[in-house]
Amino acid sequence: MKSIASAPGKVILFGEHFIVYGVKAILCSINKRIVATSRLLDERKVKIRSVLGDAELDIDCLSELDAVTSRFMKPFFYIAKNALEDYGKDKGIEIVLESQIPAGIGLGSSSAACVAVTASVNGLFVRLSKQEVVKKAIEAERIIFKETPGADTSVSTFGGLMLYDPNSGFQEISSNNDLAFIIANSSQVHNTQEIVRQVRVFKEKNGNFFNQLCEKEAEIVNEALLALRKNDLKMLGLLMLKNQDLLQQIKVSTEKIDLLVREAKKTSYGAKLTGAGFGGCIISLVDNSNSATTVDNLKKISDCFPVKIDYQGLLYI
Ligand code: MEV
């Protein structure tokens, strides 16, 4: 028997990094997915196959997750181990991951993978609700990224556009606009946890200044909520540029990202890096009037592709 689930990646419209310090963020899931397929094995092993490599461990060694060399795979072993224990099965599990989400560029591939794997592995025994999946997926992600506020995992599970408050969770934002973005990849792969650590060092050295930036970010998020309600793309684009300026100030932008933003600004409503930064990718806000020209312009200097909001979130297949 196979159990298959898929979950979307995400973009952060406003609030990355500042969310770690209590500021709310606005994010949406995108129409690029990861599919996880699980099946039970008679041998007591957990096997993982993915485009980023394969790994396997004996069930009896699963308490030693540190032995797993690939960091990004640790949460999947953890999810499989817990499920086998919870349902009292003396078996193994194979998990196969297929992805449309480029890894390591800020599009939430590792959170989407945690969501899809949690639903698929547990689905071998029982179909979990979205609430149950998100709880377990965040727990799994925290074994490699202790500080994650859980925003990426939440939007991947529930889908759509949301305001995420690190203190009280998410709130759906109803918008009658199917926001569209062009994503341009800087081709600089990043490590989210390392960048979050560097921002913490920056904050510790620049306490007052950092607090002021947090206040400015909170204002941007509030104005963006109003702009979304009014469907004001021009205002949203301007706010994205303001947000990019704050991200530059905390030093998570790069020359390549700045160049991409400058180019994207020429044709789109606005642009900014999305996710952890320090490479990764930018999003530029477009509609039918400027989507093609923005792609034409950006593809001269980077890989780029259009995305739209995904409203489904986690899907059992
Ligand atoms: C990563 O997509 C966004 C960060 O704010 C970290 C997080 O919220 O988990 C940098």
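This report describes the surroundings of the ligand in a predicted model.

Local features rest on pLDDT of at least 70 and side-chain atom pairs on pLDDT 80 or more, whereas totals for chains, interfaces and linings use all residues. Residues are numbered from 1 along each chain as its sequence is written, and side-chain values use heavy atoms, with hydrogens and water left out.

The shell around the ligand holds 13 residues, of which K10, H17, T148, P149 and D152 come nearest; a residue is near if one of its heavy atoms lies within 4 Å of the molecule. Three residues place an N or O atom at the following distances from a ligand oxygen, where a polar contact is a pair of N or O atoms within 3.5 Å.

| Residue | Atom of the residue | Distance to a ligand oxygen |
|---|---|---|
| K10 | side-chain N or O | 3.2 Å |
| H17 | backbone N or O | 2.9 Å |
| D152 | polar side-chain atom | 3.0 Å |

On its own the ligand has 300 Å² of accessible area (Shrake-Rupley method, 1.4 Å probe), and the protein covers 97% of this area.

By character, the shell residues comprise six nonpolar, four polar and three charged, with Asp, Glu, Lys and Arg counted as charged, Ala, Val, Leu, Ile, Met, Phe, Trp, Tyr, Cys and Pro as nonpolar, and the others, Gly among them, as polar. Because domain 1 (2-173) and domain 2 (180-308) both give residues to this shell, the ligand lies between them; the domain bounds come from an automatic or database assignment.

Terms used
A polar contact is a pair of N or O atoms within 3.5 Å; within protein, one must be able to donate a hydrogen and the other to accept it, and residues adjacent in sequence count only if both atoms are side-chain atoms.
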